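Trainee: Could you walk me through one part of this protein up close? I'd like to look at the spot where the metal sits, and then see how the rest of the chain fits around that picture.

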Amino acid sequence: MTKIKVGDEVVVISGKDKEKRSKVIQKIPKENKLVVEGVNITKRHIKPTRRGQESGIVERETPIFTGKVMLICPRCGKRTRTGVKVLPKSPREKEKLRFCKKCGEVID
Ligand SMILES: [Zn+2]
């Protein structure tokens, strides 16, 4: 499974925004969903709730399933899946880092 974090650049692999590249702005782990900037935009009609407030249409991102996107490797620029490497951070500590399965580079 690809581990995707907020701020990662991803590409949409299915649905109406297929092939769109953008940034992850929110994670909803409970639902296994992500909010990706500019992806899966839905329009909502807003009714005026207070006097003087205008009604209108608001466009906003709706979350999409994590499985509908793939990470773009910041090192090689290819869409990829990630693996996890455990590397020593210091003699006593170890750190889990994601790496790109295409180029093998550590992502973070
Ligand atoms: Zn790579």
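Mentor: Sure, let's start with a word we'll need: a donor is an N, O or S atom within 2.8 Å of the metal. Keep in mind that this is a predicted model. With that word in hand, look at the zinc ion: its protein donors are the SG atoms of C73, C76, C100 and C103, and they lie 2.2 to 2.3 Å from it.

How are those donor residues spaced in sequence? They follow the pattern C-x2-C-x23-C-x2-C. So what arrangement do the 4 donor atoms make around the zinc ion? The angles they subtend run from 102 to 117 degrees, and that makes the arrangement tetrahedral. The cut-off behind this step is that four donors count as tetrahedral if all angles lie between 85 and 135 degrees.

Now check each cysteine: buried or exposed? Here you need another cut-off: buried means under 20% relative accessible area, exposed means over 50%, and partly exposed is in between. C73 has a relative accessible area of 2%, so C73 is buried. C76 comes out at 29%, so C76 counts as partly exposed. Moving along to C100, its relative accessibility is 0%, which means C100 is buried. C103 has 32%, so C103 is partly exposed. As for cysteines paired with each other, the structure holds 0 disulfides.

Next, step back a little in sequence from C73. The strand β7 covers 69–72, and T66 lies in the loop between β6 (64–65) and β7. T66 has a relative accessible area of 13%, so T66 is buried too. Leaving aside residues up to four places away in sequence, T66 touches N32, K33 and L34.

Finally, zoom out to the whole protein chain. The chain has 10 strands and 0 helices. Its radius of gyration is 18 Å, well over the 13 Å that the globule rule gives for 108 residues, so the chain is more spread out than a compact globule. Along the principal axes, the C-alpha atoms fill a box of roughly 65 × 30 × 20 Å. Of the 108 residues, 28% count as buried. The accessible surface comes to about 7800 Å², and 49% of that belongs to carbon and sulfur atoms. And if you take contacts between residues at least 6 apart in sequence, 38% of them join residues at least 24 apart.

Key:
Residues numbered from 1 in each chain as written. Predicted model: local features only at pLDDT ≥ 70, side-chain atom pairs only at ≥ 80, totals over all residues. Heavy atoms only, no water. Donors = N, O, S within 2.8 Å, 3.2 Å for Na, K, Ca; no water. Tetrahedral: all angles 85-135°; square planar, octahedral: opposite > 155°, others 65-115°. Buried < 20%, exposed > 50% of the residue type's maximum accessible area, 1.4 Å probe, protein only. Helix = DSSP H or I, 4+ residues; strand = E, 2+ residues; numbered from the N terminus. Rg over C-alpha atoms; globule rule 2.2 N^0.38 Å. Contact = heavy atoms within 4.5 Å. Areas by Shrake-Rupley, 256 points an atom, 1.4 Å probe, with all protein chains shown as cover. Disulfide = S-S within 2.5 Å.
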